[in-house]
Amino acid sequence: MKKVWITLLVTVLVFSAIGMAKTKITYFGDNDPNSAEAILTRLFNSSQDEIEVEFLLQSWSTDDKHTALVTRFGAKDPNPTVYLGDVIWPAEFAAAGWALDLTPYFPKSEQDKFLPGTIKSATYLGKIYAIPSFTDGGLLYYRTDLLEKYGYKPPTTWEELKTIAATIAKKEGIDGFVFQGAQYEGLVCDAVEFIAANGGEVIDGNGNVKVNSPEVIQALEFMRELITSGAAPDKVFTFMEEDARMAFQQGNAVFMRNWPYCHSPSNMAGDQSAVKGKYGMIPMPKGPKGSGGAATLGGWMLFVNPFASKAEQAAGVQFAKFITSESAQIIRNLVAGNAPTRIAVYSNPTVLRANAIVETLYPIMINAVPRPVTPFYAQVSNALQEEFHAVLTGKKTAADAVKALERKIKEIYEQSVHYVFSGP
Ligand code: GLC
């Protein structure tokens, strides 16, 4: 009889343990354990008792994140189950088999609630591989107090930007215009913006290489002139987003090109920010051949790892839906200032009361210009990074750089035709 009782007890314990067992998954979010990303993960964990997400810290720059994930997926690693990926990755990751097809979980009726550009960039050959979490577009941050002091209006053209930046920088003994000039993806974003603002493009919608044009040459020459005229300091050769943000936030620059997230820290009270209440955010200025300023489309989305088990994938989809939900996007905007991908959040009264700038962001985000969409984007970007940096630092003329780029991009595309027809 005793044996029967023991067996029964063990069975009950085992079954309740199974019942209670959580599906454990991992999430590659960002580099900050106190970020909106990490807070949302904690909120998800405490909102239910079936899934537990471990937040894995990863490095800050998009290039490093890309390398880390490519290495893992090359080895068919089932971790991370879910990852926050850049808007430029879906074509490459889908073609390589590193992103789960989310079409069955993310129907058209749901997709329609998002900014169309973000959905387009998550889609590859008619299927959707990621759920957009927040979007990005380049903005010009400017010091309202300093422009007023010297009698200038906010610039709408390149010439105005250059003149005002160089003049005030000299008079105040600070930097004029800071932007992303290091040899990495951020430089590509800034250059694509200058190129589009001058009516040019690198590759058109049909895959034709258009980089060798007077509009592109003039845009790259202008970026170099920013340095030679003293409008931008040559330390931008090594600047990424955070370097520019710190310079601006500490009151050491008149203008900054950056993404919407900088508004949150720059607007902090006390000694956290030297520019609280002293700056504005406007669209980037236009070039002489362009019809208006342009913003490069950036942003991040949730991908699920196809090498994870079916149960982990299902849990991952649930988590991805949570992180990209309307409430999560509201929290993210309030905590981190990120621009939402869900259209409804732009008119949410709570968000607008807390963060009125969201209204200004909408037209900029909806018109943002994508970088070339191709499964070979990483190679194209390497070529762009190298040539753009050579022009910026004065090692190459813009005319030579675009010739080299035309050749390099065509070579990458020719190899890609080979890849598509004969397999990887
Ligand atoms: C931002 C953008 C991303 C871009 C990166 C470049 O994170 O959202 O799309 O690639 O900056 O540094």
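These are my notebook entries on a predicted model, covering its nonpolar core, two helices, a surface patch, a loop residue and several salt bridges.

**Entry 1, the core.** I began with the largest nonpolar core, which holds 131 residues, and looked up the members that touch the most others: they are Y83, F177, F194, L220, F255 and I409. Helix α10, residues 214–228, gives this core its largest share, 8 residues. I then took F194 from that group and listed its contacts beyond four places in sequence, which are W158, F177, A219, F222, M223, L226 and M284.

**Entry 2, helix α2.** I checked the length of helix α2 (residues 36–47): its 12 residues, at 1.5 Å a residue, should span 16 Å, and the end C-alpha atoms are indeed 16 Å apart, so the two values agree. Its buried residues are A36, E37, A38, L40, T41 and F44, and they pack against the strands β1 (23–28), β2 (51–56) and β3 (82–86) as well as the helices α13 (310–323) and α14.

E37 caught my attention in this list, so I looked up its accessibility, and at 2% in relative terms E37 counts as buried, the cut-off being under 20%. Leaving out residues up to four places away in sequence, I found that E37 touches Y27, G29, D30, F55, L84, I323 and R332. I also noted that E37 and L334 lie 297 residues apart in sequence, while their C-alpha atoms are 12 Å apart in space.

**Entry 3, a surface patch.** L334 belongs to helix α14 (residues 326–336), and its relative accessible area of 39% makes L334 partly exposed. Together with I39 and V335, L334 forms a nonpolar patch on the surface, for which I recorded about 210 Å² of accessible area in total.

**Entry 4, helix α17.** The same length check on helix α17 (residues 377–392) gave an expected span of 22 Å for 16 residues at 1.5 Å a residue, and the end C-alpha atoms are 22 Å apart, which agrees. I noted that α17 is mostly covered, with 12 of its 16 residues buried, among them Y377, F388 and H389. After the helix comes G394, which has a positive phi near 80°.

**Entry 5, a loop residue.** Q272 sits in the loop between α12 (263–266) and β10 (279–282), and I found Q272 partly exposed at a relative accessible area of 49%. Its C-alpha atom is 8.3 Å from that of Q249, a residue 23 places away along the chain.

**Entry 6, salt bridges.** My search of the whole structure returned 20 salt bridges, and I looked at three of them in detail.

- K149 pairs with E172, with the closest N and O atoms 2.6 Å apart; K149 is in helix α7 (residues 144–149) and E172 in helix α8 (residues 158–172), so the bridge ties together parts 23 residues apart in sequence. K149 is exposed at 55% relative accessible area, whereas E172 is partly exposed at 28%.
- E225 and K162 meet at 2.9 Å, N to O, and this pair links distant parts of the chain, namely helix α10 and helix α8, 63 residues apart. Here E225 is partly exposed at 31%, but K162 is buried at 15%.
- K410 and E406 meet at 3.7 Å, N to O; they are 4 residues apart in helix α18 (residues 398–422), which means a separation of about one helical turn. K410 is partly exposed at 39%, and E406 is partly exposed at 22%.

Lastly, I noted that E386, E387, K396 and K408 are joined into one network by salt bridges that share partners.

Technical notes
Residues are numbered from 1 along each chain as its sequence is written. This is a predicted model: local features need pLDDT of at least 70, side-chain atom pairs count only at pLDDT 80 or more; totals for chains, interfaces and linings use all residues. Side-chain values use heavy atoms; hydrogens and water are left out. A nonpolar core is a set of buried Ala, Val, Leu, Ile, Met, Phe, Trp, Tyr and Cys residues joined through side-chain atoms within 4.5 Å. Buried means under 20% relative accessible area, exposed over 50%, partly exposed in between (1.4 Å probe, protein chains only). Contact means heavy atoms within 4.5 Å. Patches are made of residues with over 30% relative accessible area and no salt bridge: like charges are joined within 9 Å, nonpolar side chains (Val, Leu, Ile, Met, Phe, Trp, Tyr) within 5 Å. Accessible areas come from the Shrake-Rupley method with a 1.4 Å probe; for residues, only the protein chains shown count as cover. A salt bridge is a side-chain nitrogen of Lys or Arg within 4 Å of a carboxyl oxygen of Asp or Glu. The expected span of a helix is 1.5 Å times one less than its number of residues.
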